[in-house]
Structure formats: structure tokens, C-alpha cells
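Please look over the sequence and the model shown here before reading on. The paragraphs that follow begin with a single loop residue and then move through the rest of the chain.

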Amino acid sequence: MHLLLLSAFICSFFKINEGADWCYQSQDPCASHCKGPDLWKDTENAASCAGTSQSPINIVTKRTRLDERLTPFKFRGYETVFHSLIENNGHTVKVDVSTDATISGGNLTSVYKAVQFHLHWGEKGGPGSEHTVDGEQYPMELHIVHMKQKYSSLGEALKDKTGVAVLGFFYEKSSENKNYEPIINALKEVKQASTNKSVDNLFLNALIPPPTSLTNYFRYQGSLTTPGCTESVIWTVFEHPILLSRDQLEAFSDLKFKNGKSMVGTFRPVQPLNGRLVYRSSGNTLLASVMLLTVSISAAIGLSRPN
Ligand SMILES: *[C@@H]1O[C@H](CO)[C@@H](O)[C@H](O)[C@H]1NC(C)=O
Ligand SMILES: *[C@@H]1O[C@H](CO)[C@@H](O)[C@H](O)[C@H]1NC(C)=O
Ligand SMILES: [Zn+2]
């Protein structure tokens, strides 16, 4: 106990991690000589990490505001099969989207094209999503990163307050999801940091819930969840989770960080809202079920419409 306190003190006092790379809390920043989430703001070009519109956030559903403009998305090219590289970049596993796939609708003011997707997860299927809903942390979260079609790089898009649109999806433990086989199989080939492997037969629709389950979502203005934490992201977080088996979720914990330790706990802690509003789309079944319940209760106690 005393030793632990002492080493934490020495670590912060002598700034042993000066100039170090950023890392997650799970990587034991002090012992690993890297900068944990509290110090991301001190890493290169990451002053925004101390900003006031940061992501992820905890979504308090009863404080969300219904907005009828949050209509269903139009997905184009999400059904197109493509080949790409899956890469362990030392922080996550990432796949570049090498096909023309776009989203529009959902109150977005222009068409956004998919650039890459990556994931955030816990330890062996334990809590690991970045966003939480009413305090609940899901085992994993998928981020499909899009930028306005007119830009040719993410760097360029991040200079525009609404240049980037990320779609976030939660995962839930269920039965095996065959659509994830190409990715889960490729994980074995990219266990070490800074390695990559080609993957075939990918298409974005296979990775996300069916369109009818995508009408319920939350919307807010936030940031990238890794340094530089740029505040240029329109966030859409879908209510309906993607289903994977326990084994499939656990497969991500076999990946390694740069120092060879298990790549787990790859999520940033939730950030303060600082007065931001979180909106919800009108297709929200959570509220629909509350209303149904109200109707059936009032019927049961004889408060239904007199006839
Ligand atoms: C919908 O778009 C309009 C115009 O860009 C914007 O003012 C409004 O805040 C958006 N609503 C939501 C819920 O994002
Ligand atoms: C993928 O890995 C190979 C080595 O296996 C390397 O030469 C190449 O630069 C890597 N590509 C990317 C995009 O990281
Ligand atoms: Zn992410």
C-alpha cells in the first residue's frame, strides 16, 4: 500500500512520463511510463482533451430531448463487399473502409463517407464501451468514422466543427454472430502491436443491426475519444446493440499493446456534459414501451377512456 502510494507520488512529482505516448488507464500509466487519460492533454497536439465538449459521455435517457428531425439514416454502399487491412495500431484494432460507403439523413446537413472503423472493449467480455446509458457500460463499442464527402483526409475534416460524424454501436453478449467471422479470424494474425492482415468479404451492413433497429438513436456534439480529442464530431449512438457470443467478445482480449500486455480496457472514462444537450430520435422504443406500460396500467385500474 505504502509502496504503491510512493510510486504514484514519484511518478507525478518527477514527471517520469514526460514526452511519453498516451495510454489507457488499464495500461497502468505510471509503471508503463505513458500518459493516462488525465494527462492526455499534455501529449502532442492534444490540448483539446481538456476541452468542454468531450466524448464519451454517460447518456441519461430521461434527460434526453426528443427531436423529430432525427429521422432514419440513408446508408449507401453499406452492402458493398470490400477487401481491406485490419491493423493492430497499439491502441485498438482498426479497419480502413476501402469502398464508397456513405450516410445521409438523420438531420446531417451533408453526405458523410465512411473512412474507418475500430472498437473499444473491456477485459474478456467485461464492461468496455466508451459511452454508457444510464450508467450501464456495455462489453464493447464499434465506431464507424465518417467525414463530409468533400474532404480528402480526416485531418482536414477535423478542422470543421461538423466535419466528422461517428456512428457508435454497443455490443451485447448473446449467441454467435457469423457475420463477424472474417474479423474475429483475422484478430489471431494481428495480436502484436503494429501488425496488419488483409481481410476479405467485409461489408458494413453485416457488422451492424438490421435497418429496422437503427431508427432509435441518441445525438450530441462531441469529440474524438483519443488524443487529439478534437471537438469536431457529430455523435450518433444507437440504442440497439450488436449481438456477439462470449467467445467472440473475448477474442479481442487476445490482442496485445506495444509492451506485450493484453489489450483490454481500451475506453476513455466518460466526460462532463458541461451543459450540452443530448437528443433522441422519435423512433425510440424505450419510450414507446413506457407509454404502452402506462396505457396498460391505466386500463388495468379503469382509467382508460370511458365508453
Ligand atoms: C438539426 O439540424 C439543425 C440545422 O443544422 C440544427 O440547428 C439542429 O441543432 C439539429 N438538431 C439536432 C437534434 O441535432
Ligand atoms: C502492413 O504490414 C506490412 C508487414 O507485414 C508492412 O510492410 C506494411 O507497411 C503494413 N501496412 C500498413 C498499412 O500498416
Ligand atoms: Zn473510437
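Ser194 counts as exposed because its relative accessibility is 58%, where exposed stands for over 50% relative accessible area, buried for under 20% and partly exposed for what lies in between, with a 1.4 Å probe and protein chains only. Ser194 sits in the loop between helix H4 (181-187) and strand S12 (195-202), and its phi is positive, at about 65 degrees, although the residue is not a glycine. Helices (H or I, at least four residues) and strands (E, at least two) are DSSP runs, numbered from the N terminus.

This is a predicted model, in which local features need pLDDT of at least 70 and side-chain atom pairs count only at pLDDT 80 or more, whereas totals for chains, interfaces and linings use all residues. Residues are numbered from 1 along each chain as its sequence is written, chains are lettered from A and ligands numbered from 1 in the order in which they are written, and side-chain values use heavy atoms, with hydrogens and water left out.

The protein has 7 helices and 16 strands, and 49% of its 307 residues are buried. Among its contacts (heavy atoms within 4.5 Å) with a separation of 6 or more, 70% are between residues 24 or more positions apart.

A positive phi, near 55 degrees, is also found at Asp28, again a residue other than glycine; Asp28 belongs to the loop between helix H1 (2-13) and H2, and it counts as partly exposed because its relative accessibility is 44%. Two cis peptide bonds can be located in loops as well: Ser55 is joined to Pro56 with omega about 0 degrees, Pro56 being in the loop between helix H2 (29-32) and strand S1 (58-59), while the bond from Pro227 to Gly228 has omega near -5 degrees, with Gly228 in the loop between strand S13 (217-222) and strand S14 (233-238).

The zinc ion (ligand 3) has as protein donors His118 (NE2), His120 (NE2) and His143 (ND1), lying 2.0 to 2.1 Å from it. Donors here are N, O and S atoms within 2.8 Å of the metal (3.2 Å for Na, K and Ca), and sites may look incomplete because water is not among the atoms. Along the chain the donors follow the spacing H-x1-H-x22-H; His118 in strand S7 (residues 112-121) and His143 in strand S10 (residues 140-148), 25 residues apart, link distant parts of the chain, and both His118 and His143 are buried.

Next comes the nonpolar core, a set of buried Ala, Val, Leu, Ile, Met, Phe, Trp, Tyr and Cys residues joined through side-chain atoms within 4.5 Å. The largest such core has 46 residues, of which Leu142 and Phe252 touch the most other members, and its largest share, 5 residues, comes from S7. Apart from this core lies another of 19 residues, including Val115, Leu158, Val164 and Val233. Beyond its neighbours within four places in sequence, Leu142 is in contact with several residues, among them the zinc donor His118.

Finally, Tyr279 lies in strand S16 (residues 279-280) and counts as partly exposed because its relative accessibility is 27%. Its C-alpha atom is separated by 8.5 Å from that of Tyr217, 62 residues apart along the chain, and, leaving aside neighbours within four places in sequence, the contacts of Tyr279 include Thr64, Arg65, Tyr217 and Phe218.
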